[in-house]
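Thank you all for coming. Please have a look at the model on the screen before I go through it.

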Amino acid sequence: MVKRGIPPAARSAKNAEISAYVTRKALFHRLASLAAPGSGHLAVGHFNFGLPVLLAWAGCAGAAIAIHFLAPLILAAQPIGTTLKMVFAGLAVVTYVLAQAVEPRAPVVAPPPRRTRAGADQEA
Amino acid sequence: MLAQAPAPSAPGAVPTPAPTPSGPSTPTDDFGPDLKAWLDATKLQDKESAAKALLNLQRRRAERNLFSIDDVAGALSGRAETRAAEGTAADAIDGLDAAITFAPDSSAYQVRKATVEGKMGAGWRALSQSWANPFERGRLRSMLLLGLLITGALFAAGFSFALLLRYAAVFSHDVTEGLPGALKSLALFMSVLFLALPLAGFMGWGYLPFWWATLFFIFASRPERIVSLVLIVGLGLSGLALPLIEHQRAIEAARDARTLYLLADGGTSVDAEALVAERLAKDPSDAEWSLLSANLSRRGGRFDEAAAALQPRASADPRFDHNAAVLEFNKAIETNSSNYDGARPGFTRASESASALRDKATALYNLSLVEANSLQFDPAKATRAKGDALDAALLARYDRLYSFDRNGSMLQAPPDIVPDPMRIVAGALPEARFTTENAFGRLSASSPDSSRSPLPRRAEFQQAVSQVRYNFLLALPDPIHIPGCLFPVSPSLRGEARDSAGRTFR
């Protein structure tokens, strides 16, 4: 029996397809991170990093927006209003930049245990 | 007027006759001459005359038992802020201190002072004090709720978008597998239709994140499922938060409530007196409003009118008895008669039989003043100690607010018993109530808030599907109303108001 390899043209097409898929996927994750920091990480399953970042960004951005647009004078006036707004906006920017800087990593899935001859004999 | 500690009467002191204006007057009318003197003195940087004018204002305020005079405080604060803008911050702080004295419950002046001084601690103190004012507390609570909703909306959008990226392909594959062979060409269309079902059903884009969290629930990992559940439960709870925010808007719009609160809290205004008169005309037997009306007469300097309102009920209600005794006490002091026996029985009876602890403490405070002025110092101390045991903070407030200088002697004016502010305001505040309309029926076509939706809706289609929505989505609020609540923020929600001349101030 003659073992034939994959034709070079088919191999090349498959590689191009995989490459395009990986590029497209990375682009989506980047776009997700740009829209909502942390969501790109969540999208690949990097839950332990993505969730806290998304939560911190949403909380800080929500607080800064609420203080700027909705707070009554008692809270919006200087120096409290300005300081709180700067602190929350600063934290939101920090989490945003952090989400862009840290590359999303998919969780490593352990390979299934390899069957050995001894194990196969035992099963038999 | 009374001396808390025995003070020698000035030999040249001339008793001041009680003013008897014919009708109600505003605080600005009564305090106008002294206020003008203060404004002129500060303009000319004459500190001595300014201090004298302030002492006169304080004396008049103590004699009238006015706890809060917002008009006077506003004028003082306005001049102080002008001076701060001119670059003389130190002078501005003096003016703002005076404004705080004349409106101690309004944290707005304390915030302005903190702004001029640039002190963070003063700002925090003002913020913590504002929780004691029900109107300020409502504004802050409303803002916190809105901030929480914005945070939740941002988080839900980000999280659901991540779920979409992660599981859309798996979902599409499952849809393809589930379709029979002849319909497999429709797989992509069916997948997109499922994912955009809230838009296809004209429910609004606000549902999309929650729909995705629900749709991908079976594919999600355990932590993702927990977060999805929290988001969906949060969406249900937001249906209760939105009516609370709208209720706060109704409170802001209820001008009578604000006026009555100011009145019940020790202020006065012609508008408020008209409200009280109207209320009393409806029910002349109402003791709370009668007491408030008598308080207002005294605050306006109409002492005879106050006495006429108090005397008929003095035997039936110890609070009326007490306030009538206060007027007797005033007369004794103004005529330098040193005859306090007319006031003592009323204070004694009120201190024994008043129902509220606050009223008992007030009566004990005034009784201690009578005893001190009668040179009975040990009984005066004992009576004051009893009052402090009941409500030390209230008596300290009386000491601070109703003391004034007359002819070099520090005197203390006797405070009135006032009705419970919230009983006076209660009828003027709109009632908060959760109904199927405001909490759970936000999807129905008859919802009055539908006009605020940012998306165009077709009335005829809405009519057709409203019953279906109501049946299937009864427990869900409409998230597209959240932006509707956010952006048309009324000036009153931001703490702004307009005066009669149309000027906006905060």
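Helices α18(B) and α19(B) are oblique to each other, where angles under 35 degrees count as roughly parallel, over 145 as roughly antiparallel, 65 to 115 as roughly perpendicular and the rest as oblique. The angle between α18(B) and α19(B), the latter covering residues 377–401, is about 140 degrees, and their axes lie 7 Å apart; axes here are lines fitted to C-alpha atoms, for helices over the stretch in contact, and angles run from 0 to 180 degrees between N-to-C directions.

I should say early that this is a predicted model, in which local features need pLDDT of at least 70 and side-chain atom pairs count only at pLDDT 80 or more, while totals for chains, interfaces and linings use all residues. Residues are numbered from 1 along each chain as its sequence is written, and chains are lettered from A and ligands numbered from 1 in the order in which they are written.

Which residues of α18(B) meet α19(B)? Among them are Leu357(B), Leu364(B) and Glu371(B), and the residues on the α19(B) side include Phe377(B), Leu390(B) and Tyr398(B), with contact meaning that the C-beta atoms, placed from the backbone, lie within 7 Å. The residues of this contact divide into 13 nonpolar, three polar and six charged, where Ala, Val, Leu, Ile, Met, Phe, Trp, Tyr, Cys and Pro count as nonpolar, Asp, Glu, Lys and Arg as charged, and the others, Gly among them, as polar.

Turning to α18(B) itself, 15 of its 17 residues are buried, so this helix is largely enclosed by the rest of the structure; a residue is buried if 20 or more other C-beta atoms lie within 10 Å of its own, exposed if 12 or fewer, and partly exposed in between. After α18(B) comes Leu375(B), whose phi is positive, near 65 degrees.

For chain B as a whole, the secondary structure comes to 23 helices and four strands, these being DSSP runs, with helices (H or I) of at least four residues and strands (E) of at least two. Of its 506 residues, 41% count as buried.

One buried example is Ile251(B), which has 20 other C-beta atoms within 10 Å and is found in helix α11 of chain B, residues 222–253. The C-alpha atoms of Ile251(B) and Arg139(B) are separated by 9.6 Å, although these residues are 112 residues apart along the chain.

Finally, the contact between the chains takes 32 residues from chain A and 35 residues from chain B. On the side of chain A that touches chain B, the largest share, 13 residues, comes from α3(A).

Terms used. Contact = placed C-beta atoms within 7 Å.
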